[in-house]
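Good morning, everyone, and thank you for making the time. Please have the sequence and the model open in front of you, and I will go through a few places one after another.

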Amino acid sequence: MRVVIQRVVESNVAVAPQEGMERSDVIGSIGPGMMVLVGIEAADDDTDIAWISKKIVNLRIFDDAQGVMNLSIKDAGGDILLISQFTLQAATAKGNRPSYIKAAPPAIAIPVYEKFIKKLEEDLGKGIQTGRFGADMKVTIVNDGPVTILIDSKNRE
């Protein structure tokens with residue numbers, strides 16, 4: 001499981017208009033907090049979910065009163081917007097066309113994504129906002145800092 005975490009002032013996600021719709025509908029929106037993109041691979045399991053969720057909610061990337069990144073999202077009272085993004089599993093070593101062979105197919109990825117949502121909510125102590133798995137989405141962020149962190153559960157550095 002790979003995640004890209006961006007500390008944000010605000011973020012939202014809209015789904016592309018469906019037939020009969022004139023514009024995109026915003027389905028998730030947050031103020032200060034984290035916008036998290038997640039790429040799931042077929043080998044991801046409950047251990048990956050638990051490890052990354054704990055890492056996300058305890059990651060100290062929010063400023064304390066002295067302007068030092070000493071606070072977690074829980075400490076800062078921020079929100080999370082979680083969006084699935086299979087392209088995070090892209091392999092780019094060969095050629096110029098990314099391979100997505102490591103990305104879990106929807107039959108595997110959707111249950112992992114749904115477990116991940118529940119685990120994040122449990123660890124954060126409140127609900128989170130999400131995108132729509134597999135949908136064409138438009139994501140808007142106002143990155144704060146900018147602060148962007150990459151985490152891979154298969155490469156725990």
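How many aromatic pairs does a search of the whole structure find? The search finds two, and I should say at once that we are looking at a predicted model, so please keep that in mind throughout.

Before we look at the pairs, it helps to know that two aromatic rings are described by how far apart their centres are and by the angle between their planes. Let us begin with F86 and Y100, whose ring centres are 5.1 Å apart and whose planes stand at 70°, and because an angle over 60 degrees counts as edge-to-face, that is what we call this pair. Both F86 and Y100 lie in the loop between strand 6, residues 79–84, and helix 3, so the pair ties together parts that are 14 residues apart in sequence. As for Y100, its relative accessibility is 33%, and it therefore counts as partly exposed.

The other pair is made by Y113 and F133, with 5.7 Å from centre to centre and 50° between the planes, and this arrangement is called tilted. Here Y113 belongs to helix 3, while F133 sits in the loop between strand 7 (129–130) and strand 8 (137–152), so this pair ties together parts that are 20 residues apart in sequence. Is Y113 buried or exposed? With a relative accessible area of 4%, Y113 is buried, whereas F133, at 28% relative accessibility, counts as partly exposed.

If you stay with these two rings for a moment, you will also come across S84, which has its place in strand 6. Leaving aside residues up to four places away in sequence, S84 touches V38, Y113, F133, G134 and M137, so both members of the tilted pair are among its contacts. S84 has a relative accessibility of 12%, and since anything under 20% is called buried, S84 counts as buried.

Let us now turn to helix 3 and its neighbour. The axes of helix 1, residues 46–58, and helix 3, residues 106–124, come within 9 Å and cross at roughly 40°, and the two helices are therefore oblique to each other. Their crossing is right-handed. Which residues meet there? From helix 1 we have D46, I49, A50, I52, S53, K54, I56 and V57, and they meet V112, K115, F116, K119, L120, D123 and L124 from helix 3. Sorted by character, the residues of this contact divide into nine nonpolar, one polar and five charged.

I will finish with three places in loops and strands. G31 lies in the loop between strand 2 (25–30) and strand 3 (33–39), and with a relative accessible area of 25% it is partly exposed. Apart from residues up to four places away in sequence, G31 touches V8, V9, E10 and D79. G31 and L81 are 50 residues apart along the chain, and their C-alpha atoms are separated by 9.5 Å.

D64, in turn, is found in the loop between strand 4 (62–63) and strand 5 (69–71), and at 18% relative accessibility it counts as buried. Again not counting residues up to four places away in sequence, D64 touches N70 and L71.

Lastly, please find P146, which lies in strand 8, and look at the peptide bond that leads from G145 to P146, because this bond is cis, with omega near 0°.

How values were computed
Residues numbered from 1 in each chain as written. Predicted model: local features only at pLDDT ≥ 70, side-chain atom pairs only at ≥ 80, totals over all residues. Heavy atoms only, no water. Axes fitted to C-alpha atoms, helices over the stretch in contact; angles between N-to-C directions. Helix = DSSP H or I, 4+ residues; strand = E, 2+ residues; numbered from the N terminus. Parallel < 35°, antiparallel > 145°, perpendicular 65-115°, else oblique. Left-handed = near helix turned anticlockwise from the far one by under 90°. Contact = heavy atoms within 4.5 Å. Nonpolar A, V, L, I, M, F, W, Y, C, P; charged D, E, K, R; others polar. Phe/Tyr/Trp six-rings, centres within 6.5 Å; stacked < 30°, edge-to-face > 60°. Buried < 20%, exposed > 50% of the residue type's maximum accessible area, 1.4 Å probe, protein only.
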